[in-house]
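Q: I've got a new model open and I'd like to learn how to read it. Could you walk me through some of its features?

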Amino acid sequence: MGLFIPTYFAPIAQYAAICQSETILFEWEDNFQKQTYRNRCYVYGANGKLSLSIPVKHQPTSGRKKTKDTLIENDFPWQQQHFKSLQAAYRSSPYFEFFEDDLHKLFTKKYTYLQDINIDTHLFVTDILQVSSAYQKTTSYEPDPQVRDYRNLAIAKKGVAIEMDTYVQMFDDKYGFIPNLSILDLLFMEGANALTFLEKIQVS
């Protein structure tokens, strides 16, 4: 069993660990933290590494804010912007057209809570990879859980050093290979081969 934080189109390293875990346990009782993949992902844009960030807000309560209670700020069209950014970056990629329609549904669905879109992106990815979409939720926060703890894979600011093979990326002739981008980058470039790539990555 592996313990993970639900994130927005999680990075490749997280899906490597997910694909190598028999049972998925999602952290449901943690406090929201900035500078994580909880509400952002990184893709390969025409100018290099591009951040797509979901604007969030919190309930007007005192104390720490739990991720499961984090609201999405929908006062401006972030979904439209993200989808257009993905189209611009990956329109010419080998597999984008195969996933575009289903991807578009995620960006036209109305979301209130951050966790809801994070779970939907997880279901989107597991469907493409043809791996189990089943997961469990934690009922309390455990600093030292009795399962494999992969929650550090959600940290975006410092990053997690993961060794992985290279694959062809959209703009690697300009900026070189960028490791551990959003799983979307791997899916759009490798399609069905993505699962084989993920299974080779060693995640400690």
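A: Sure, we'll take backbone angles, a helix and a cavity in turn. Keep in mind that this is a predicted model.

Q: Let's start with the backbone. What sign does phi usually have?

A: Most residues other than glycine have a negative phi. Now the case here: Gln35, which is not a glycine, has a positive phi of about 60°. Gln130 is another such residue, with its phi near 60°.

Q: Where does Gln35 lie, and is Gln35 buried or exposed?

A: Gln35 lies in the loop that runs between β2 (24-26) and β3 (40-45). As for exposure, the answer falls in between: its relative accessible area is 37%, so Gln35 counts as partly exposed.

Q: And where is Gln130?

A: Look in the loop between α4 (114-129) and β7 (136-137). The positive phi of Gln130 comes just after α4. With a relative accessible area of 73%, Gln130 is exposed.

Q: How should I read a helix such as α4?

A: Begin with the general idea: an α-helix has 3.6 residues a turn, so residues three or four places apart point the same way. Then try a length check. The 16 residues of α4 should span 22 Å at 1.5 Å a residue, and the C-alpha atoms at its ends are 23 Å apart, which agrees.

Q: How many residues of α4 are buried?

A: The count is 13 of 16, so α4 is largely enclosed by the rest of the structure.

Q: On to the cavities. How many of 30 Å³ or more are there?

A: A search of the whole structure turns up one. The largest cavity holds about 40 Å³ of space. The elements that each give two or more residues to its lining are α1 and α4.

Q: Which residues line the largest cavity, and what is their chemistry?

A: The lining includes Ile5, Pro6, Thr7, Gln14, Tyr15, Phe26, Asn118 and His122. Sorted by type, the lining residues of the largest cavity come out as six nonpolar, five polar and no charged.

Q: Gln14 is on that list. What can I say about Gln14?

A: Gln14 is found in helix α1 (residues 12-19). Buried means under 20% relative accessible area, and Gln14 has 1%, so Gln14 counts as buried.

Q: Which residues does Gln14 touch, leaving out those up to four places away in sequence?

A: Its contacts are Phe4, Ile5, Thr7, Leu153 and Ala154. Of these, Ile5 and Thr7 also line the largest cavity, as Gln14 does.

Key:
Residues are numbered from 1 along each chain as its sequence is written. This is a predicted model: local features need pLDDT of at least 70, side-chain atom pairs count only at pLDDT 80 or more; totals for chains, interfaces and linings use all residues. Side-chain values use heavy atoms; hydrogens and water are left out. Helices (H or I, at least four residues) and strands (E, at least two) are DSSP runs, numbered from the N terminus. Buried means under 20% relative accessible area, exposed over 50%, partly exposed in between (1.4 Å probe, protein chains only). Contact means heavy atoms within 4.5 Å. On a 1 Å grid over the protein atoms alone, a cavity is a set of points where a 1.4 Å probe fits but cannot get out, and a pocket is an open set with protein on both sides within 12 Å along at least five of seven lines; lining residues have an atom within 4 Å of a point. Grid points are joined across faces, edges and corners, and a volume is the space filled by probe spheres set on the points. Ala, Val, Leu, Ile, Met, Phe, Trp, Tyr, Cys and Pro count as nonpolar, Asp, Glu, Lys and Arg as charged, and the others, Gly among them, as polar. The expected span of a helix is 1.5 Å times one less than its number of residues.
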